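Biologist: I am new to this model and would like a close look at a single part of it. Please choose one place where helices pack together, describe it carefully, and then set it in its surroundings.

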Amino acid sequence: MAITARSITKRFGDFLALDDVSIDVESGSLTALLGPSGSGKSTLLRVIAGLEVADAGDVFISGKEATALAPQKRGVGFVFQHYAPFKHMTVWENVAFGLTIRHRPKDEIRGRVDELLALVQLGGLGKRYPAQLSGGQRQRMALARALAPEPEVLLLDEPFGALDARVRVELRQWLLRLHDEMHVTTIFVTHDQEEALELSDSIVVMNRGRVEQVAPPRQLYDEPANEFVMSFVGPVNKLDDAWVRPHDVELRHDPNGTTREAQVERIVRLGFETRIELVRDDGERLYAQLTRNEAEELEIERGDIVYVRARKEKTFG
Amino acid sequence: MTARYVVRFGSLGYLAVILIAPVVLIFWRAFDQGLGTFWDAISNPDAVHALKLTLEVALVAVPLNTIFGVLCGIAIVRHRIPGMGFVNAVVDLPMALSPVVVGLSLYLLYANDGWFGSWLNEHGFRILFAYPGILLATLFVSLPFVVREVVPVLREIGTEQEEAAATLGAGAFTIFRRITLPAIQWAVVYGVVLTMARALGEFGAVAIVSGGLAGRTQTMTQYVQSAYENGANETAAYAASVVLATIAILTLVAMTFIGRRED
């Protein structure tokens, strides 16, 4: 294991941020810490980096006990949500920082920084200051800076949280390629389930300072361990005691004995996907996700009465 | 429209009467008998000595309060030490307290029968009516400026840059020198300029503890006062005032320059 956190507990005053949390992160993997705000995911990342000291528990990095080590000695690269650029230094100096303070030879620093700037596609911008970069460029600079001292693990705290949607999607693709090339063990924190599902080999779902489930994306989606994971990862309808994914909602024109009556309240066309919002005869609301073709074949309109059934549903005891 | 003119001319008129007229008057009175008279007035030995003493005090007080101010600012903002709220409040004391009260309390502490004075006197240290007393008074009154400039800037820059530097392997001193200090440097310079101005211009506290002996323990501000009081040497008073006012104006220019750099 590249990173092991065992029984980590951390309080801030009366607030229990981490409650006996344990995780194992495989060497070379890309792992997501996923959860709503206040779930403790960022705190766990900061405890692993040594930026917060846990009240109890142990941290191991690359098999070595790191619990009492200062952040300087842990060999981790950390990328902050708001990039934390050194504002008074140029892009080049920012990336070189981890090497210059180690007094590496000048030639080596120059070679490594130029290589990293090319890797993060900031080749021509070394002389600029962080204030002269866009958000996405700043984030890539922060990543290059974290990678410069060749950390054993890379920790990213909501790395795309402050970027607009289009840049975010681009950077995700780019991070995935970068990880394929470098194979540095990476943990990233996110509250965006889509981001976690798209990027990671393994997802740790956190809620109220505890780990709810650890699983690969597909397993997490198909076999959620409990109601929280079911509702937090992927879209979901709750009908009585059962949970139904919107793409598992079947719509028919005629009842077949297992269906319930519902009225179409709204039809939203999102390119390939069509979302049909419904109100059941008992007043419960739900929505169905259909492909555009399926929706056209059904020929339904707002106000129509349809009959709904769950192809697949899940209940938790 | 009218309201705008009232605001504009009202504020400018107020400035002219309250601030600019007195300063202009001082320059005019200092030079109205010619450059030669002005030069004689400020090159007389007592004036030169007073200027020298004032600068000697400032050159020790300003660096001391700068180092203290930066360390104190970091302690207030970055370390959750119990009692730091109290320190934060106490730092402002010199702003609230009349300098005369400061001088008096120093007098009571260091007089021959004072708390510290009797012991120090037995061991041959002279504080009152000498350089150390003037320095203590100046340190006291010019203490808050660097702290007050540095604290809000430290709060604003936050801890992320320092944390980033730590994860990159930088030790505490490297972080201070390479990250924190460059980030607060203009606040420090601004604080130094204000501290300097206060140290040079202090009168009330120093007046009580220095004794004001011409050519020995008289500072620039006291020289102005005694020259004026004697009546015989009004030009000297105005000339010395011009020196002080010039330093103040240079300080203002420096501050404006720094303000621009910061933007």
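Modeller: A good place to begin is the meeting of H3(B) and H8(B), where B:Val57, B:Val60, B:Ala61, B:Leu64 and B:Asn65 of H3(B) come into contact with B:Ile134, B:Leu135, B:Thr138 and B:Leu139 of H8(B). Sorted by class, this contact holds seven nonpolar residues, two polar residues and no charged ones; here Ala, Val, Leu, Ile, Met, Phe, Trp, Tyr, Cys and Pro count as nonpolar, Asp, Glu, Lys and Arg as charged, and the others, Gly among them, as polar. Two residues are said to be in contact if their C-beta atoms, placed from the backbone, lie within 7 Å.

What you are looking at is a predicted model, in which local features need pLDDT of at least 70 and side-chain atom pairs count only at pLDDT 80 or more, while totals for chains, interfaces and linings use all residues. Residues are numbered from 1 along each chain as its sequence is written, and chains are lettered from A and ligands numbered from 1 in the order in which they are written.

H3(B) covers residues 45-78, and its axis lies 9 Å from that of H8(B), the two packing at an angle of about 40°. Axes are lines fitted to C-alpha atoms, for helices over the stretch in contact, and the angles run from 0 to 180 degrees between N-to-C directions. The helices H3(B) and H8(B) are therefore oblique to each other, since angles under 35 degrees count as roughly parallel, over 145 as roughly antiparallel, 65 to 115 as roughly perpendicular and the rest as oblique. The crossing of H3(B) with H8(B) is right-handed; a crossing is called right-handed if the near helix is turned clockwise from the far one by less than a right angle, and left-handed if anticlockwise.

H8(B) also packs with another helix, H6(B). In this second pairing, H6 (residues 99-110) and H8 (residues 131-141) of chain B make an angle of about 135°, and their axes are 10 Å apart. That angle makes H6(B) oblique to H8(B), and their crossing is right-handed. On the H6(B) side the residues are B:Pro99, B:Val102, B:Gly103, B:Leu106 and B:Tyr110, and they meet B:Gly133, B:Leu136, B:Ala137, B:Phe140 and B:Val141 of H8(B). By class, the contact between H6(B) and H8(B) has eight nonpolar, two polar and no charged residues.

The chain around these helices can be described as follows. Chain B has 14 helices and zero strands, where helices (H or I, at least four residues) and strands (E, at least two) are DSSP runs, numbered from the N terminus. Along its principal axes, the C-alpha trace of chain B spans about 70 × 70 × 35 Å. Of the 263 residues in chain B, 36% are buried; a residue is buried if 20 or more other C-beta atoms lie within 10 Å of its own, exposed if 12 or fewer, and partly exposed in between, with C-beta atoms placed from the backbone. Among the contacts of chain B between residues at least 6 apart in sequence, 73% join residues at least 24 apart.

The domain assignment divides chain B into domain 1 (1-32) and domain 2 (34-262), the bounds coming from an automatic or database domain assignment. The C-alpha centres of these two domains of chain B lie 29 Å apart, and six residues of domain 1 are in contact with eight residues of domain 2. The side of domain 1 of chain B that touches domain 2 has five nonpolar, no polar and one charged residues.

Chain B also has a partner in the model, for 18 residues of chain A are in contact with 15 residues of chain B. On the chain A side, the elements giving two or more residues are E6 and H2, and the largest share, three residues, comes from E6(A). That side of chain A divides into 11 nonpolar, five polar and two charged residues. In the loop between strand E6 (76-79) and helix H2 (91-100) of chain A lies A:Tyr83, whose phi is near 70°, a positive value in a residue other than glycine. With 23 C-beta neighbours inside 10 Å, A:Tyr83 counts as buried. A:Ala84, placed in the loop between E6 and H2 of chain A, has a positive phi of about 45° although it is not a glycine, and with 25 C-beta neighbours inside 10 Å it counts as buried.
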